[in-house]
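Here are my notes on the model you sent. Please read them with the structure open.

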Amino acid sequence: MRDSEFRDARLVMLYDAAYRWARDDDFFLGMVGQTPVRVLDLGCGTGRLALGMAAAGHAVTGIDPARASLDAARTKPGAAEITWIEGTSADAPSAAFDVVVMTSHVAQFIVDDAEWERTLADLRRALVPGGRLVFDSRDPSARGWERWNPVDSRTRTTLPDGRVIPWWTEVTDVAEGRVTFLHHYDFPEGELLSSSTMRFRSEDEIRSSLYDNGFVVEEIYGGWDREPVGAGELLVIARRS
């Protein structure tokens, strides 16, 4: 199944266990700020950041197309404070948010350029004038996918029931800014697979697409400590014009 770590309940549980609160979450929470605002978390997954923002006093809406991920999010403490929507950017209400965030490289899962343009148009519609869009995307110049191989990517994750699951990633194709890869999850009952494709947009491509869809880029950082571009990430802060 494609992107089954978000759609298969077994892999959603593993994903949740593997990816705990980290410095990227601190970055996004800092970008949202301390003053309570209305936030849309597009591609909210199992709700880690959405719940953190709600706990900080923000009014949060989480949108995700993967029902299994949302099901996991809805069971967590504090979930009742968040509006959860199964859907895409097209389902976001108009002029309802001060800030939109897309985290965990969600922007790269929007592979088709026409879909990316539609998403940006939807998010401009969802933001109030002057509202901010904040998202992350891996810098293609760092060629991070070269480390997505059975040796460098191999890891082990402990599930809530105590089972330890080895897993790793292999790239199967690189072409025209798109990287296709396969996750291997070695469960005791048999291997589970998840295939995905991610779009690696350059800084210039990101800037151009934002400008074309009514956003002004305020800053692009290269890393979670706000380093200049060149540290492996493209952390984008843009404002709706």
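Where is the place of serine 89? The points below start there. Bear in mind that this is a predicted model.

1. Serine 89. Serine 89 lies in the loop that runs between β3 and β4, the latter spanning residues 97-102. Its relative accessibility is 5%. The cut-off for buried is under 20%, so serine 89 counts as buried despite its place in a loop.

2. Neighbours of serine 89. Leave out residues up to four places away in sequence, and serine 89 touches Leu42, Thr119, Asp122, Leu123 and Arg125. Look at these five side by side when you inspect the loop between β3 and β4.

3. Glycine 78. This residue also sits in a loop, the one between α4 (67-74) and β3 (83-86). Buried or partly exposed? Glycine 78 has 42% relative accessibility, so it counts as partly exposed. Partly exposed covers the range between the 20% and 50% cut-offs.

4. Glycine 78 and leucine 51. Along the chain, 27 residues separate the two. In space, their C-alpha atoms are 6.5 Å apart. Leucine 51 falls within helix α3, residues 48-55.

5. Packing of α2 and α3. Two packed helices are described by the angle between their axes and the distance between the axes. For α2 (residues 23-32) and α3 (residues 48-55), the angle is about 40° and the axes are 10 Å apart. The two helices are therefore oblique to each other. Their crossing is right-handed.

6. The α2 and α3 contact. From α2 come Asp24, Asp25, Phe28, Leu29 and Val32. From α3 come Arg48, Leu49, Gly52 and Met53. What classes of residue make up the contact of α2 with α3? Five are nonpolar, one is polar and three are charged.

7. The chain overall. Seven helices and 11 strands make up the secondary structure. Of the 241 residues, 53% count as buried. Along the principal axes, the C-alpha atoms fill a box of roughly 50 × 40 × 30 Å.

8. Compactness. What radius of gyration would a compact globule with 241 residues have? The expected value is near 18 Å, and the chain has 17 Å, so the chain agrees with a compact globule.

9. Contacts along the sequence. Take the contacts in the chain with a separation of 6 or more. Residues 24 or more positions apart account for 60% of them.

Definitions and conventions. Residues numbered from 1 in each chain as written. Predicted model: local features only at pLDDT ≥ 70, side-chain atom pairs only at ≥ 80, totals over all residues. Heavy atoms only, no water. Helix = DSSP H or I, 4+ residues; strand = E, 2+ residues; numbered from the N terminus. Buried < 20%, exposed > 50% of the residue type's maximum accessible area, 1.4 Å probe, protein only. Axes fitted to C-alpha atoms, helices over the stretch in contact; angles between N-to-C directions. Parallel < 35°, antiparallel > 145°, perpendicular 65-115°, else oblique. Left-handed = near helix turned anticlockwise from the far one by under 90°. Contact = heavy atoms within 4.5 Å. Nonpolar A, V, L, I, M, F, W, Y, C, P; charged D, E, K, R; others polar. Rg over C-alpha atoms; globule rule 2.2 N^0.38 Å.
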